[in-house]
Amino acid sequence: MEINFKIIILILSVLFTGLTAGLCFTWSNAITPGIGRLDDLGFLQSFQVMNRAIINRSFLIAFFGPVILLFINAFMHRNVNTIAFWSFILAAVLFFIGIGLVTVLKNVPLNEILDKTILENLSTLELKELRTKFEQPWNHWHICRTIASFTSFSLLIIGLIYSK
């Protein structure tokens with residue numbers, strides 16, 4: 001039985017991009033609005049705990065795997081239908097920018113500020129200032145990631161349809 005690496009890469013690209021889109025959607029739709037209702041200390045503590053818990057092997061593979069897989073997939077489909085190829089290229093570029101770069105350059109620095117802070121040592125005013133500095137920018141950049149991951153996933157589905 002011959003292993004078809006082109007199909008395996010395509011399946012993994014769709015799977016991991018879909019998982020990332022679902023994760024981003026869930027955070028945007030349920031998690032951040034839910035913890036947004038907490039007081040400043042509760043909100044910041046919740047974010048600290050979740051940010052620490054999410055950094056694990058499964059998350060890193062599913063979240064950052066498409067950064068590489070999508071470009072490999074596009075390269076492997078360079079000689080198929082033009083619509084499929086360009087859908088795959090656009091999915092790769094959008095994911096790289098909208099997930100890879102936005103995460104590394106925008107969300108992670110905010111997470112690191114929060115992670116290094118001993119929240120219990122802050123006054124009520126300092127907690128409010130930290131939340132103001134963190135919450136709106138983090139949510140803004142996360143919405144960008146949600147849109148990018150959903151659009152990349154949609155482009156993969158379009159490419160999949162036209163790649164036959």
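These legends accompany a set of close-up views of one protein, shown as a predicted model.

**Figure 1. The whole chain is a five-helix protein.** Let's start with the overall picture before zooming in. The protein has five helices and zero strands, and reading along the sequence gives the pattern α-α-α-α-α. The C-alpha trace spans about 60 × 30 × 25 Å along its principal axes. Of the 164 residues in the protein, 40% are buried. Among contacts between residues at least 6 apart in sequence, 80% join residues that are at least 24 apart.

**Figure 2. Helices H1 and H5 cross, with their axes coming within 8 Å.** Helix H1 covers residues 5–35, and its axis crosses that of H5 at roughly 150°. The crossing of this pair, H1 and H5, is left-handed. What kinds of residues make up the contact of H1 with H5? They divide into 14 nonpolar, 11 polar and two charged residues.

**Figure 3. Helices H2 and H4 meet in a left-handed crossing.** Here the axes of H2 and H4 come within 10 Å and cross at roughly 115°. From H2, the residues to look for are Leu44, Phe47, Gln48, Asn51 and Arg52, which meet Asn111, Leu114 and Asp115 of H4. By class, this contact of H2 with H4 has three nonpolar, three polar and two charged residues. Leu44, Phe47 and Leu114 will turn up again in the view of the nonpolar core, while Arg52 and Asp115 return as salt-bridge partners.

**Figure 4. The largest nonpolar core has 29 residues.** Which residues have the most contacts inside this core? They are Leu44, Phe47, Leu114 and Phe134. Each of the helices H1, H2, H3 (57–76), H4 and H5 supplies at least two residues of the core. The largest share, eight residues, comes from H4.

**Figure 5. A closer look at phenylalanine 47 and its contacts.** Leaving aside residues up to four places away in sequence, phenylalanine 47 touches Trp27, Thr32, Ile35, Leu114, Phe134 and Trp138. Two of these neighbours, Leu114 and Phe134, are listed with phenylalanine 47 among the core residues with the most contacts. Phe47 also belongs to the group of H2 residues that meet H4, which makes this view a handy companion to Figure 3.

**Figure 6. Aspartate 115 and arginine 52 form a salt bridge between H4 and H2.** The closest N and O atoms of this pair are 2.4 Å apart. Aspartate 115 sits in helix H4 (residues 82–115) and arginine 52 in helix H2, so the salt bridge links distant parts of the chain, 63 residues apart. Are the two partners buried or exposed? Aspartate 115 is partly exposed, with a relative accessible area of 37%. Arginine 52 also counts as partly exposed, at 46% relative accessibility.

**Figure 7. Lysine 128 and aspartate 40 meet in a salt bridge.** The N to O distance between these side chains is 3.6 Å. Lysine 128 belongs to helix H5 (residues 124–162) and aspartate 40 to helix H2 (residues 40–54), so the pair ties together parts that are 88 residues apart in sequence. The partners differ in their surroundings: lysine 128 is partly exposed, with a relative accessible area of 47%, whereas aspartate 40 is buried, at 15%.

**Figure 8. Glutamate 135 and arginine 131 form a salt bridge within helix H5.** Their closest N and O atoms are 2.8 Å apart. The two residues are four apart in H5, about one turn of the helix. Both glutamate 135 and arginine 131 are buried. Salt bridges with shared partners join this pair to Asp40 and Lys128 in one network. In total, the model contains four salt bridges.

**Figure 9. Asparagine 121 lies in the loop between H4 and H5.** Is this residue buried or exposed? Asparagine 121 counts as exposed, with a relative accessibility of 60%, because the cut-off for that class is over 50%. The C-alpha atoms of asparagine 121 and isoleucine 54 are separated by 24 Å. Along the chain, asparagine 121 and isoleucine 54 are 67 residues apart.

Technical notes
Residues numbered from 1 in each chain as written. Predicted model: local features only at pLDDT ≥ 70, side-chain atom pairs only at ≥ 80, totals over all residues. Heavy atoms only, no water. Buried < 20%, exposed > 50% of the residue type's maximum accessible area, 1.4 Å probe, protein only. Axes fitted to C-alpha atoms, helices over the stretch in contact; angles between N-to-C directions. Left-handed = near helix turned anticlockwise from the far one by under 90°. Nonpolar A, V, L, I, M, F, W, Y, C, P; charged D, E, K, R; others polar. Core = buried A, V, L, I, M, F, W, Y, C linked by side-chain atoms within 4.5 Å. Contact = heavy atoms within 4.5 Å.
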